[in-house]
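Colleague: I've got a model open and I'd like to know how its labels are earned. Could you take me through a few of them?

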Amino acid sequence: MTRPARLALKAFVWFVCLAPLALLAYRAWTDDLGANPISFITNTLGDWTLRILLASLAMTPLRIVFGLSWPIALRRLLGLFAFAYVCLHFAVWSVLDFFFDWPRMWADIVKRPYITMGMLALLSLLPLAATSTAGMIRRLGARNWTRLHRLAYVAAVCAVVHYLWLAKVGVKEPYWYAVALVVLLGVRGWEWSRRMTRRRRARAETTTPRVGSRAENPLS
Ligand code: HEM
(Lines give C-alpha, C1' and ligand atoms only; values in the text may rest on other atoms or scores of the structure.)
Protein backbone atom coordinates (compact mmCIF):
# COMPACT_ATOMS: atom_id res chain seq x y z
CA MET A 1 0.00 0.00 0.00
CA THR A 2 1.30 3.46 -0.91
CA ARG A 3 2.00 6.09 1.76
CA PRO A 4 -0.77 8.51 0.60
CA ALA A 5 -3.29 5.65 0.60
CA ARG A 6 -2.26 4.69 4.14
CA LEU A 7 -2.56 8.32 5.27
CA ALA A 8 -6.02 8.62 3.66
CA LEU A 9 -7.13 5.43 5.42
CA LYS A 10 -5.89 6.71 8.78
CA ALA A 11 -7.63 10.07 8.21
CA PHE A 12 -10.83 8.12 7.53
CA VAL A 13 -10.43 6.20 10.81
CA TRP A 14 -9.87 9.48 12.70
CA PHE A 15 -13.04 10.87 11.13
CA VAL A 16 -15.17 7.79 11.88
CA CYS A 17 -13.90 7.56 15.47
CA LEU A 18 -14.29 11.27 16.26
CA ALA A 19 -17.71 11.70 14.60
CA PRO A 20 -19.67 10.05 17.49
CA LEU A 21 -17.96 12.38 19.98
CA ALA A 22 -18.73 15.42 17.83
CA LEU A 23 -22.36 14.28 17.55
CA LEU A 24 -22.56 13.76 21.31
CA ALA A 25 -21.14 17.25 21.92
CA TYR A 26 -23.65 18.69 19.45
CA ARG A 27 -26.55 16.91 21.17
CA ALA A 28 -25.35 18.20 24.56
CA TRP A 29 -25.10 21.72 23.12
CA THR A 30 -28.63 21.56 21.69
CA ASP A 31 -30.01 19.96 24.87
CA ASP A 32 -30.97 16.80 23.00
CA LEU A 33 -29.70 14.05 25.32
CA GLY A 34 -33.08 12.62 26.25
CA ALA A 35 -34.75 12.19 29.63
CA ASN A 36 -31.62 10.76 31.32
CA PRO A 37 -28.59 12.61 29.87
CA ILE A 38 -25.98 10.85 32.06
CA SER A 39 -27.23 7.42 31.04
CA PHE A 40 -27.39 8.52 27.39
CA ILE A 41 -23.79 9.77 27.43
CA THR A 42 -22.50 6.68 29.31
CA ASN A 43 -24.27 4.30 26.95
CA THR A 44 -23.17 6.11 23.78
CA LEU A 45 -19.54 6.08 24.94
CA GLY A 46 -19.83 2.41 25.99
CA ASP A 47 -21.33 1.43 22.63
CA TRP A 48 -18.52 3.13 20.71
CA THR A 49 -15.84 1.67 22.97
CA LEU A 50 -17.09 -1.80 22.15
CA ARG A 51 -17.52 -1.15 18.43
CA ILE A 52 -14.03 0.30 18.04
CA LEU A 53 -12.47 -2.42 20.22
CA LEU A 54 -14.03 -5.14 18.08
CA ALA A 55 -13.01 -3.27 14.91
CA SER A 56 -9.39 -3.23 16.14
CA LEU A 57 -9.60 -6.98 16.80
CA ALA A 58 -11.05 -7.57 13.32
CA MET A 59 -7.92 -6.31 11.55
CA THR A 60 -5.85 -9.50 11.94
CA PRO A 61 -8.73 -11.83 10.97
CA LEU A 62 -9.22 -9.71 7.83
CA ARG A 63 -5.63 -10.48 6.91
CA ILE A 64 -6.03 -14.16 7.76
CA VAL A 65 -9.27 -14.69 5.82
CA PHE A 66 -8.87 -12.32 2.85
CA GLY A 67 -5.08 -11.97 2.74
CA LEU A 68 -5.34 -8.18 3.15
CA SER A 69 -2.34 -6.51 4.75
CA TRP A 70 -3.53 -2.87 4.97
CA PRO A 71 -5.91 -3.38 7.96
CA ILE A 72 -2.89 -4.17 10.17
CA ALA A 73 -1.76 -0.53 9.82
CA LEU A 74 -5.03 0.56 11.49
CA ARG A 75 -4.96 -1.85 14.43
CA ARG A 76 -2.99 0.35 16.83
CA LEU A 77 -4.94 3.52 15.99
CA LEU A 78 -8.26 1.74 16.55
CA GLY A 79 -6.98 0.25 19.81
CA LEU A 80 -5.99 3.69 21.07
CA PHE A 81 -9.37 5.13 20.12
CA ALA A 82 -11.10 2.30 21.99
CA PHE A 83 -8.97 3.14 25.02
CA ALA A 84 -9.80 6.86 24.73
CA TYR A 85 -13.51 6.06 24.57
CA VAL A 86 -13.41 3.76 27.59
CA CYS A 87 -11.55 6.44 29.56
CA LEU A 88 -14.36 8.89 28.77
CA HIS A 89 -16.97 6.21 29.58
CA PHE A 90 -15.25 5.59 32.93
CA ALA A 91 -14.84 9.35 33.56
CA VAL A 92 -18.58 9.94 33.12
CA TRP A 93 -19.33 7.11 35.56
CA SER A 94 -16.81 8.33 38.15
CA VAL A 95 -17.49 12.08 37.82
CA LEU A 96 -21.16 12.40 36.93
CA ASP A 97 -22.44 9.28 38.74
CA PHE A 98 -20.16 9.36 41.82
CA PHE A 99 -18.29 12.67 41.77
CA PHE A 100 -15.03 10.90 42.78
CA ASP A 101 -16.55 9.34 45.88
CA TRP A 102 -13.89 6.58 45.96
CA PRO A 103 -15.44 4.40 48.73
CA ARG A 104 -18.81 4.37 46.97
CA MET A 105 -17.16 3.72 43.61
CA TRP A 106 -15.24 0.77 45.08
CA ALA A 107 -18.46 -0.54 46.66
CA ASP A 108 -20.18 -0.32 43.26
CA ILE A 109 -17.33 -2.17 41.52
CA VAL A 110 -17.50 -4.98 44.09
CA LYS A 111 -21.26 -5.12 44.36
CA ARG A 112 -22.39 -5.05 40.72
CA PRO A 113 -20.84 -7.84 38.62
CA TYR A 114 -21.31 -5.92 35.36
CA ILE A 115 -19.29 -3.02 36.75
CA THR A 116 -16.59 -5.51 37.88
CA MET A 117 -16.44 -6.81 34.30
CA GLY A 118 -16.24 -3.28 32.88
CA MET A 119 -13.37 -2.51 35.25
CA LEU A 120 -11.55 -5.72 34.23
CA ALA A 121 -11.95 -4.74 30.58
CA LEU A 122 -10.56 -1.26 31.28
CA LEU A 123 -7.64 -2.65 33.30
CA SER A 124 -6.81 -5.13 30.52
CA LEU A 125 -6.60 -2.28 28.03
CA LEU A 126 -4.30 -0.16 30.24
CA PRO A 127 -1.02 -2.05 29.59
CA LEU A 128 -1.85 -2.16 25.88
CA ALA A 129 -2.21 1.60 25.67
CA ALA A 130 0.94 2.07 27.78
CA THR A 131 2.99 -0.14 25.45
CA SER A 132 1.62 1.14 22.15
CA THR A 133 4.62 3.32 21.26
CA ALA A 134 7.40 2.17 18.91
CA GLY A 135 9.91 2.60 21.78
CA MET A 136 7.96 0.25 24.04
CA ILE A 137 7.61 -2.33 21.27
CA ARG A 138 11.41 -2.23 20.86
CA ARG A 139 12.01 -2.44 24.60
CA LEU A 140 9.64 -5.38 25.12
CA GLY A 141 10.71 -7.22 21.98
CA ALA A 142 8.21 -8.21 19.30
CA ARG A 143 7.50 -11.62 20.85
CA ASN A 144 6.66 -10.33 24.36
CA TRP A 145 4.75 -7.39 22.90
CA THR A 146 2.59 -9.72 20.78
CA ARG A 147 1.97 -11.95 23.80
CA LEU A 148 0.99 -8.97 25.98
CA HIS A 149 -1.35 -7.68 23.30
CA ARG A 150 -3.43 -10.85 23.50
CA LEU A 151 -4.94 -9.01 26.50
CA ALA A 152 -7.06 -7.18 23.92
CA TYR A 153 -9.10 -10.38 23.62
CA VAL A 154 -9.47 -10.59 27.42
CA ALA A 155 -10.69 -6.98 27.37
CA ALA A 156 -13.18 -7.74 24.60
CA VAL A 157 -14.56 -10.82 26.40
CA CYS A 158 -14.96 -8.83 29.66
CA ALA A 159 -16.55 -5.95 27.74
CA VAL A 160 -19.09 -8.20 26.02
CA VAL A 161 -19.94 -9.89 29.33
CA HIS A 162 -20.27 -6.39 30.88
CA TYR A 163 -22.83 -5.52 28.21
CA LEU A 164 -24.66 -8.88 28.44
CA TRP A 165 -25.02 -8.52 32.20
CA LEU A 166 -26.19 -4.93 32.20
CA ALA A 167 -28.67 -5.20 29.32
CA LYS A 168 -32.34 -5.49 30.11
CA VAL A 169 -34.18 -8.71 29.20
CA GLY A 170 -35.17 -8.68 25.52
CA VAL A 171 -32.39 -6.34 24.37
CA LYS A 172 -30.65 -8.11 21.48
CA GLU A 173 -27.63 -5.85 20.76
CA PRO A 174 -25.23 -7.45 23.26
CA TYR A 175 -25.82 -10.84 21.63
CA TRP A 176 -24.76 -9.46 18.23
CA TYR A 177 -21.54 -8.20 19.77
CA ALA A 178 -21.04 -11.60 21.41
CA VAL A 179 -21.51 -13.34 18.03
CA ALA A 180 -19.01 -10.96 16.39
CA LEU A 181 -16.47 -11.68 19.13
CA VAL A 182 -16.97 -15.46 18.82
CA VAL A 183 -16.37 -15.20 15.05
CA LEU A 184 -13.18 -13.16 15.58
CA LEU A 185 -11.91 -15.57 18.23
CA GLY A 186 -12.87 -18.50 15.98
CA VAL A 187 -10.76 -17.16 13.10
CA ARG A 188 -7.77 -16.66 15.42
CA GLY A 189 -8.25 -20.16 16.89
CA TRP A 190 -8.47 -21.69 13.41
CA GLU A 191 -5.29 -19.87 12.31
CA TRP A 192 -3.51 -20.97 15.49
CA SER A 193 -4.44 -24.65 14.98
CA ARG A 194 -3.31 -24.45 11.32
CA ARG A 195 0.03 -22.99 12.41
CA MET A 196 0.46 -25.73 15.03
CA THR A 197 -0.31 -28.46 12.47
CA ARG A 198 2.22 -26.95 10.03
CA ARG A 199 4.86 -26.74 12.77
CA ARG A 200 4.22 -30.33 13.88
CA ARG A 201 4.47 -31.55 10.29
CA ALA A 202 7.72 -29.65 9.73
CA ARG A 203 9.15 -31.12 12.94
CA ALA A 204 8.10 -34.62 11.90
CA GLU A 205 9.75 -34.15 8.49
CA THR A 206 13.07 -33.15 10.04
CA THR A 207 13.08 -36.05 12.54
CA THR A 208 11.75 -38.86 10.25
CA PRO A 209 14.69 -40.49 8.39
CA ARG A 210 14.42 -40.29 4.62
CA VAL A 211 14.29 -43.54 2.57
CA GLY A 212 17.80 -44.75 1.90
CA SER A 213 19.34 -42.47 4.46
CA ARG A 214 22.22 -43.60 6.72
CA ALA A 215 19.91 -43.61 9.78
CA GLU A 216 17.54 -46.06 8.09
CA ASN A 217 20.31 -48.33 6.74
CA PRO A 218 23.23 -48.37 9.17
CA LEU A 219 25.28 -50.58 6.84
CA SER A 220 25.23 -48.09 4.00
C1 HEM B 1 -13.68 -1.76 27.58
C2 HEM B 1 -14.47 -1.46 28.59
C3 HEM B 1 -15.95 -1.16 28.48
C4 HEM B 1 -16.79 -1.32 27.43
C5 HEM B 1 -16.51 -1.83 26.03
C6 HEM B 1 -18.10 -0.88 27.89
C7 HEM B 1 -19.24 -0.92 27.12
C8 HEM B 1 -20.49 -0.58 27.57
C9 HEM B 1 -21.70 -0.74 26.81
C10 HEM B 1 -21.77 -1.31 25.39
C11 HEM B 1 -22.72 -0.30 27.57
C12 HEM B 1 -24.22 -0.30 27.23
C13 HEM B 1 -24.59 0.64 26.16
C14 HEM B 1 -26.06 0.58 25.81
O15 HEM B 1 -26.88 0.07 26.58
O16 HEM B 1 -26.38 1.06 24.71
C17 HEM B 1 -22.17 0.15 28.82
C18 HEM B 1 -22.91 0.67 29.86
C19 HEM B 1 -22.40 1.01 31.07
N20 HEM B 1 -21.09 0.95 31.46
FE21 HEM B 1 -19.55 0.22 30.34
N22 HEM B 1 -18.02 -0.47 29.19
C23 HEM B 1 -16.72 -0.63 29.58
C24 HEM B 1 -16.19 -0.33 30.82
C25 HEM B 1 -16.91 0.24 31.85
C26 HEM B 1 -16.35 0.66 33.12
C27 HEM B 1 -14.88 0.57 33.49
C28 HEM B 1 -17.39 1.16 33.86
C29 HEM B 1 -17.36 1.71 35.24
C30 HEM B 1 -16.54 1.34 36.16
C31 HEM B 1 -18.59 1.06 33.06
C32 HEM B 1 -19.83 1.47 33.48
C33 HEM B 1 -20.98 1.39 32.73
C34 HEM B 1 -22.29 1.76 33.21
C35 HEM B 1 -22.63 2.30 34.60
C36 HEM B 1 -23.18 1.52 32.17
C37 HEM B 1 -24.70 1.68 32.19
C38 HEM B 1 -25.15 3.07 31.96
C39 HEM B 1 -26.65 3.18 32.14
O40 HEM B 1 -27.40 2.40 31.54
O41 HEM B 1 -27.05 4.07 32.85
N42 HEM B 1 -18.26 0.51 31.85
N43 HEM B 1 -20.82 -0.04 28.79
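Modeller: Sure, and keep in mind that this is a predicted model. Let's start with α8: its buried residues pack against α2, α5 and α9 (173-207).

Colleague: Which residues of α8 are they, and what makes a residue buried?

Modeller: They are Ala-155, Ala-156, Cys-158, Ala-159, Val-160, Val-161, His-162 and Tyr-163. A residue is called buried if 20 or more other C-beta atoms lie within 10 Å of its own, so each of these meets that cut-off.

Colleague: How do you know that the length of α8 agrees with what its 16 residues should span?

Modeller: At 1.5 Å a residue, the 16 residues of α8 should span 22 Å. The end C-alpha atoms of α8 are 22 Å apart, so the two agree.

Colleague: Okay, now the core. Which residues have the most contacts inside the largest nonpolar core?

Modeller: Ile-52, Leu-53, Ala-82 and Ala-159, in a core of 30 residues. α2, α3, α5 and α8 each supply at least two residues of this core, and α2 gives the most, with 10 residues. Leaving out residues up to four places away in sequence, Ile-52 touches Cys-17, Leu-78, Phe-81, Ala-82 and Tyr-85.

Colleague: And the ligand: which residues come nearest?

Modeller: Of the 23 residues around the ligand, those are Ser-39, Gly-46, Gly-118, Ala-121 and Ala-159. α2 gives the most to this shell too, with 8 residues.

Colleague: How many residues of each class does the shell have?

Modeller: The shell has 14 nonpolar, 8 polar and 1 charged residues. Gly counts as polar, so Gly-46 and Gly-118 are in the polar class.

Notes
Residues numbered from 1 in each chain as written. Predicted model: local features only at pLDDT ≥ 70, side-chain atom pairs only at ≥ 80, totals over all residues. Near = placed C-beta within 6 Å. Helix = DSSP H or I, 4+ residues; strand = E, 2+ residues; numbered from the N terminus. Expected span 1.5 Å × (residues − 1). Buried ≥ 20, exposed ≤ 12 C-beta atoms within 10 Å, placed from the backbone. Contact = placed C-beta atoms within 7 Å. Core = buried A, V, L, I, M, F, W, Y, C linked by C-beta atoms within 7 Å.
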